[in-house]
Amino acid sequence: MSDVVRQSTQVVIIGAGVSGLTVGALLTRCGIDFVMLERRSLQYIGERQRAGSVENHAARMFEKWELGDLLTGPPYDGSIEFRVDGKPRPFKQDLTGASHAPLARVIPQNVLMFNLIDFLKKNGADMRFEVEDVAIENADGDRPLVRFTQADGTQCEMACDFIAGCDGFQGVSRASIPDGVLTRHEQDYGMSWLNLLAETPPRVVMAISEAGYAAQYPRRDASRIYLQCLSTDTVEDWPDERIWAELRKRLGEPDMPAGAITDKLVFPLRSVVFEPMQYGRLFLVGDSAHIILPVAGKGMNLALFDAEIFALAVNEYLTKGSRAGLDQYSDTCLPRTWLYQEYSTWVSEMLHDPSIMTGRNSFERKIAAARLDKLFSSANWARAYSELLAGLA
């Protein structure tokens, strides 16, 4: 073991996704030392296309920490074009009288991540990519230890005060917590989404039809497209010709031109929450603690919320000696997690027709259409939807 490099820092951040990078940026603002470990390469992070909209609450968080210039995307005014059986139903959020004007931004997650990486590089952050064999020891002790192998083969031991587990749903952080500590709450919705990146003019459209759900969102000059599909479907079941035929049918646009599809992925729709979100000095941030239906765009925003609560708690402890924020981390984060889980389930049930997937009767689709009707017939319903969409709740 004599060739192991032994180092120490105040915080080890495991994972350089949006949650880990945001934790790093906020700790940098606090003057707190950290080391960030990421098993992927920097190139992989940049090429991985992810959804992206930063809601009002998160945008104000960036402004408060003097990081607002990292939100380089255009403002989002809450306009959506719903389509029911191909018929347009434009919706414009009404936030008249809101205490804060919405600051929501449309920004792909990978763009925000590179902006954060650029900020961290300029501030001399210790970020180590392509690390392997990450292992956490003594997480419930006074001095946790993280072991890992660097890209050049160097074996390291990093002692620290706290660990931010930002390495996602399949990461080592949550897996390091002993059995019986966490309670897992899960819902499987029995269907999947086909996730596409296509070279077609961007817009915001969400459609419900007898053929299933479809959506299109801006990604710079391209579009991120989602198609409801069977839980057993694979990418091979969806050649480009079928994709464009289904889009034309679900959007009610028989003349919709086809464009090149540069990315294609099928993923199941499910929601998972782990409670509590901490174990000793190990804190779960973002997807390592919860995953959420993507239909409402709240996954990244929950990660940003967790990141700030963690950074504030660590700063409070290191500057004032108070454990209040650390001890209350889970209790602070979980109410918003469940609020957004409920909202995302509401939106999903409003836009999806599970009868298409299960072969049952059309009752579910009629219920979904009735829920959507309320956005246009009930001012209170529309207001609640708008506030949650904008992140004002």
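**Figure 1. K374 over the face of W381 in the predicted model.** In this predicted model, K374 lies over the face of W381, at 3.7 Å from the ring centre. W381 also belongs to a cluster that ring pairs build from F82, F91, Y343, W346, F376, W381 and Y385. For comparison with another charge over a ring, turn to the next view.

**Figure 2. R242 and the ring of W238.** Here the charged end of R242 sits over the ring of W238. The distance to the centre of that ring is 3.6 Å.

**Figure 3. Y343 and W346, an aromatic pair within helix 9.** Both residues lie in helix 9, which spans residues 329–351. They are 3 residues apart, about one turn of the helix. What are the distance and the angle between the rings of Y343 and W346? The centres are 5.7 Å apart and the planes stand at 80 degrees, an edge-to-face pair. Y343 has 1% relative accessibility and W346 has a relative accessible area of 11%; because buried means under 20%, both residues count as buried. Y343 and W346 are also members of the ring cluster, together with F82, F91, F376, W381 and Y385.

**Figure 4. Y217 and Y226, a buried aromatic pair.** The model holds 19 aromatic pairs, and this view picks out one of them. The ring centres of Y217 and Y226 are 6.0 Å apart, and their planes meet at 65 degrees; edge-to-face applies to angles over 60 degrees, so this pair qualifies. Are these two tyrosines buried or exposed? Both Y217 and Y226 are buried.

**Figure 5. Strand 13 and its two antiparallel neighbours.** Strand 13 covers residues 214–219, and 5 of its 6 residues are buried, so the strand is largely enclosed by the rest of the structure. Strand 12 (residues 205–208) runs antiparallel to strand 13, and 3 bridges join the two. One of the bridge partnerships to look for is A207 with A214 in strand 13. To strand 14 (residues 222–229), also antiparallel, strand 13 is joined by 6 bridges. On that side, P218 has S223 of strand 14 as its bridge partner.

**Figure 6. Two hairpin turns, at G212 and R220.** The hairpin of strand 12 and strand 13 has 5 residues between the strands. In its turn, G212 has a positive phi of about 120 degrees. How many residues lie between strand 13 and strand 14 in their hairpin? There are 2, and R220 in that turn has a positive phi of about 55 degrees.

**Figure 7. Strand 12 beside strand 4.** Strand 4 (residues 79–84) pairs with strand 12 in the parallel sense, over 4 bridges. V84 stands opposite I208 of strand 12. Follow the side chains along strand 12: V205 and A207 point one way, while M206 and I208 point the other way. All four of these residues are buried. In a regular strand, side chains alternate between the two faces of the sheet.

**Figure 8. The second largest pocket and its lining.** This pocket has a volume of about 170 Å³. Its lining comprises 13 residues, and those nearest the centre are G73, P74, V106, P108 and R220. R220 will be familiar from the turn between strand 13 and strand 14. Which classes of residue make up the lining? There are 9 nonpolar, 2 polar and 2 charged residues.

Conventions: Residues are numbered from 1 along each chain as its sequence is written. This is a predicted model: local features need pLDDT of at least 70, side-chain atom pairs count only at pLDDT 80 or more; totals for chains, interfaces and linings use all residues. Side-chain values use heavy atoms; hydrogens and water are left out. Rings of Phe, Tyr and Trp (its six-membered ring) pair if their centres lie within 6.5 Å; planes under 30 degrees apart count as stacked, over 60 as edge-to-face and the rest as tilted. Buried means under 20% relative accessible area, exposed over 50%, partly exposed in between (1.4 Å probe, protein chains only). A charge sits over a ring if NZ of Lys or CZ of Arg is within 6 Å of the ring centre and within 35 degrees of the ring normal. On a 1 Å grid over the protein atoms alone, a cavity is a set of points where a 1.4 Å probe fits but cannot get out, and a pocket is an open set with protein on both sides within 12 Å along at least five of seven lines; lining residues have an atom within 4 Å of a point. Grid points are joined across faces, edges and corners, and a volume is the space filled by probe spheres set on the points. Ala, Val, Leu, Ile, Met, Phe, Trp, Tyr, Cys and Pro count as nonpolar, Asp, Glu, Lys and Arg as charged, and the others, Gly among them, as polar. Two strands pair if DSSP finds at least two bridges between them.
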